[in-house]
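Good morning, everyone, and please have the sequence and the structure open in front of you while I talk. I will go slowly, and I would ask you to find each residue on your own screen as I name it.

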Amino acid sequence: MSDSSDDDKPLAQARSDERVSKAADKALDKMAPSKGHTKPGISLANGPVTQTPGESVARPTTNGHTNGKRKASMTNGRGKSYKDASSSESDSDIPLTKRRKTSKVNHESSDEDQPLARTMPPKVTASQIGEESDSDVPLGQKLQKEKAAIEKKAEKTAKAMRAEEKKEATTKKTKRPVASDEDDDKPLIVKRKSKAAPARKTNSKKEESDSDEPLNKKAQAKKAKSKAVVTPAKKGKKAAKSEQTQEDIEAEEEEDGYRWWEDPSKGDGTKKWTTLEHNGVVFPPDYEPLPKHVKMKYDGVPVTLDPEAEEVAYFYGSMLNSTHNIENPVFNKNFFADFKEVLDQTGHGTDRNGNKVKITKFEKCDFRPIFEHVDAERTMKKALPAAEKKALKAKKDEVEAPFMYCMWDGRKQKVGNFRVEPPSLFRGRGEHPKTGKVKKRVQPEQITINIGKEATVPAPPEGHRWKEIKHDQEGTWLAMWQENINGAYKYVMLAANSDVKGQSDHKKFEKARELKKHIDKIRKDYNRDLKSDMMADRQRATAVYLIDQFALRAGNEKGEDEADTVGCCSLKFEHITLQPPDKVIFDFLGKDSIRFYDEVTVDRQVFKNLRLFKKEPKGDGDEIFDRLTTAGLNKYLGSYMPGLTAKVFRTYNASWTMSKLLQEMKSTGTVAEKVADYNAANRKVAILCNHKRTVAAGHAGQMEKLQDRINGIRYQQWRTKQMMLSIDPKLKKKKGAEFFALPKDISQEWVKEFQAALVEEIRVKIHKKFEKENEKRVADGEKEMKAKELEERLEVADELEAKYKAENKSGKVQPESKGATVEKMEQKLDSLVTREATMKTQSEDKENNKEVALGTSKINYIDPRLTVVFSKKFDVPIEKFFSKTLREKFEWAIKSVDENWEF
DNA sequence: CTGGTTTAGTCGGGCTCCCGTGG
DNA sequence: CCCACGGGAGCCCGACTAAACCA
């Protein structure tokens, strides 16, 4: 979009950078999308707005089927408009998220759903569009444009300015000049950097910024109102007890039966403990040099290395099976740089004659001897008799026993990660710039111990001392150290089944539940603010919308030396593609460099906003929400409800979704079916949260096998039909030729192969049996059967082969049993059809599920009480849903709710 | 920003389930 | 025909630790 009009904008407008002028809005409305191949405006003027269903084409993980279900369930969910929602309780319950995958089917409803529609600016005609778009280029745009050309350069300057104010090289975040113009507008959101820029644009706007405030204040006021979270009433101790006995069948090592979740004194406050005793940490074993005959080769020559260097070589050598890392050039580069460093310090290596070998080229290093050795040891260990394995484990357990538990306020609690992380090569994920670097051995001198004042401080290893001893009662960690690669802190904390962890987990879900009470208002507000005059507000509203609707993460800023991943607030220009009228395609790498790809339909205003936020001079690499930070966003959210932050929306939407799905469920089938239903719901939540896993190595092969089996069944169906035909040729007319045809996707070749495979299978079996029998005979002193016998036995296979051949030739199949009747064949066909169906769903499930990870949502997002309720309501043992560790982790949930509990 | 806590995917081991075999 | 058993493929689970979020 070129706007010539820029120059002439009145001052008022000029400064509007921060403000979004109505004109701008309108103009945007019609402007062709950045990529727009479509004509502006046209179509949509009146069309149903927003949220119309887009198929979520993109998610490979979601199949039509699933989608369908989703849609169905959603449809009833939405009915009221946001506006109305304010008053109606029920509305509030509908997480917007659900709407994401709505399908076209919902069209009509979407209209009324869209309260927004009403608020939308009057429709514009095509002609209008034409003119307007240029003329009233609003806000910053004008400025921008003029600058546009120069911008790029200017940008640098601006950057420089900012840089000085914020010394850290903000290189990453190329702030648009625009930003600098708009600085003042954000009283609320503090993207400080811009402050530096004032020089260029005089901001006479101080007052303006004020205007922003009111809202804020309102919010603040609101905060005051917020009600205190209700602590669960404590049940009578008696009631509790009886409950317990029943449920203890589980045979947990039931301690004192203390139920912190019923203890009002727990859960709040910053002091986490009063007394704390523990035994510190377990260090990894020292490096054991490789046997003399195992050496890495350099340029084909085995070299002896100093143990310190050898250890690093060993790190690499032992992971040769991890092609994923080994084939990553960054990994190799980082590894080798660190390797060389150790080599330099230790004098490189020597050949068998003691001559020095200087290692300078990664390519000449051959770690395979090390790998082979390691691999051999692994397999040996695996092959160890069970008894020995057990003994080894017992021994290890014994050594570690003292570290496994601690005493926390006098209660025995399991420690989570009491083992200090052993040295290794850092496996940063995605395109982590530091992946492959050597993670050094942690020395006691680096470790800080946190422990009760009265407690005995665990003794550091012989000849060592701890870095520091603390008595921080506000921390929940027992020990801590800083890792050498990113300077990250590593903490030893309690296990997930501990009281503290349970308490905070409980608190987390209660917070999410509390969000229910505010969600209406929040949605109403952001829908209103989507049109705010203040750029910052508008961005914030849009961001909240995305977080709420699509379960995006907050998206904190990241540093240069981290993988380049993003979340909502850090989304960049290239991560969003706009397709008019209201379709948005997300494509970016999120946490753990997991790809987030989704094609969604959004509110029209959101669409316009995104287009605005992407306006030039922004381009690749520039942030979409340049006025927004996670801190600012969270601060805003906190005004609705104490503790409300972006991530709470994920918990809320996940649990809410699960809750709805489970409610709608009327599982009546077998336990297995109920479990399958539950898992299906779980899967939807996982998809919502974009929880993925890498597809198993053998997946494709497994699928192929499955398909072959299915086709085998279908082929047998065909044969059965042919048999029917042989019995009663008139059937062909009755049922139609189609019925008797071989499925089109099964080729003659496939049939032949399949037949051959069957025949071969039989042959192999006969052979095997024959040989075995002979072995036995020999053992018994009898004499072996002759080859002739084998041949005779093999005749069966030959006959089968001949039969197939004949069938192929004549195209007819004779019934295999004498008493075959059409009825019997029908029956057989039925069972084959059922088998096919079963297998097909199984296969589809497998395929759809191949890259969906259910665990993460189950462990972190779905309120466990929902699962407990389901378990009770449908009488399915909780073991079907929670593994042992999860049952321990969620003990508080398992023991605290009855089947009427609601999220 | 540092420091502390939650969320996340991977990996390897072992368990489960299925099948064929032999009694 | 039933059952125990062995073997193997897949799947589940827990351990591990990286990577988020957030005050």
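I will begin with the DNA, then go to the cores and one helix, and end with a hairpin and some unusual backbone spots.

Please keep in mind throughout that what we are looking at is a predicted model.

Let us start with DNA strand B. Which residues come nearest to DNA strand B? There are 33 residues around the strand, and among these Y489, S504, K508, T694 and Y861 come nearest. If we turn to the DNA side of these approaches, sugar and phosphate make up 86% of the atoms of DNA strand B that come within 4 Å of the protein. When the residues near the strand are sorted by class, we find 18 charged, eight polar and seven nonpolar ones.

Some individual contacts are worth finding on the screen. In S504, a polar side-chain atom lies 2.5 Å from a phosphate oxygen of DNA strand B. For R650, an N or O atom of the side chain is 2.8 Å from a phosphate oxygen of the strand, and for T856 a polar side-chain atom is 2.9 Å from a phosphate oxygen. The elements that supply two or more residues to this surface are β15, α18, α22 and α30, where β15 covers 489-492, α18 covers 499-529, α22 covers 646-664 and α30 covers 855-860. Of the elements, α18 gives the most, with three residues.

Now let us move away from the DNA and into the protein interior. As general background, nonpolar side chains in soluble globular proteins tend to be buried together. In this model the largest nonpolar core has 79 residues, and L546, L552, L571, F586 and F625 are the ones that touch the most other members. The element with the largest share of this core is α22, which contributes nine residues. To get a feeling for one of these positions, take L571, whose contacts, leaving out residues up to four places away in sequence, include L546, L552, F586 and F625, and also D622 and E623. There is also a second, separate core, which has 29 residues, including V294, A313, F335 and F362.

Next, please look at helix α31, residues 864-873. How many of the 10 residues of α31 are buried? Eight of them are, so that the helix is mostly covered, and the buried ones run from P864, R865, L866 and T867 on to V868, V869, F870 and S871. Among the elements that cover these buried residues are α18, α22, α23 (671-688) and α33 (891-894). Just after the helix, D875 takes a positive phi of about 55°.

My next stop is strand β8, residues 405-408, which has one covered face with C406 and W408 and one uncovered face with Y405 and M407. On one side, β8 is joined by two bridges to strand β1, residues 276-277, and the two run antiparallel; here E277 has M407 as its bridge partner. Strand β8 also pairs with strand β9, residues 411-414, in the antiparallel sense and over four bridges, with Y405 standing opposite K414. The hairpin of β8 and β9 has two residues between the strands, and D409 in this hairpin takes a positive phi near 50°.

Finally, a few places where the backbone deserves a second look. A551, in the loop between α19 (535-550) and β16, has a positive phi of about 60° although it is not a glycine. D592, in the loop between β17 and β18 (595-601), likewise has a positive phi, of about 65°, and is not a glycine. Are these two residues buried or exposed, or something in between? A551 is buried, with a relative accessible area of 3%, whereas D592, at 37% relative accessibility, counts as partly exposed.

There are also cis peptide bonds to find. The bond from P580 to P581 is cis, with omega near 5°, and P581 sits in the loop between β16 (576-579) and β17 (583-589). The bond from E616 to P617 is cis as well, with omega near 10°, and P617 belongs to the loop between α20 (604-613) and α21 (630-638).

That is the end of my tour, and I am happy to go back to any of these places with you.

Notes:
Residues numbered from 1 in each chain as written. Chains lettered and ligands numbered in written order. Predicted model: local features only at pLDDT ≥ 70, side-chain atom pairs only at ≥ 80, totals over all residues. Heavy atoms only, no water. Near = heavy atom within 4 Å. Polar contact = N/O pair within 3.5 Å; in protein donor to acceptor, adjacent residues only side chain to side chain. Nonpolar A, V, L, I, M, F, W, Y, C, P; charged D, E, K, R; others polar. Buried < 20%, exposed > 50% of the residue type's maximum accessible area, 1.4 Å probe, protein only. Pairing = 2+ DSSP bridges. Core = buried A, V, L, I, M, F, W, Y, C linked by side-chain atoms within 4.5 Å. Contact = heavy atoms within 4.5 Å.
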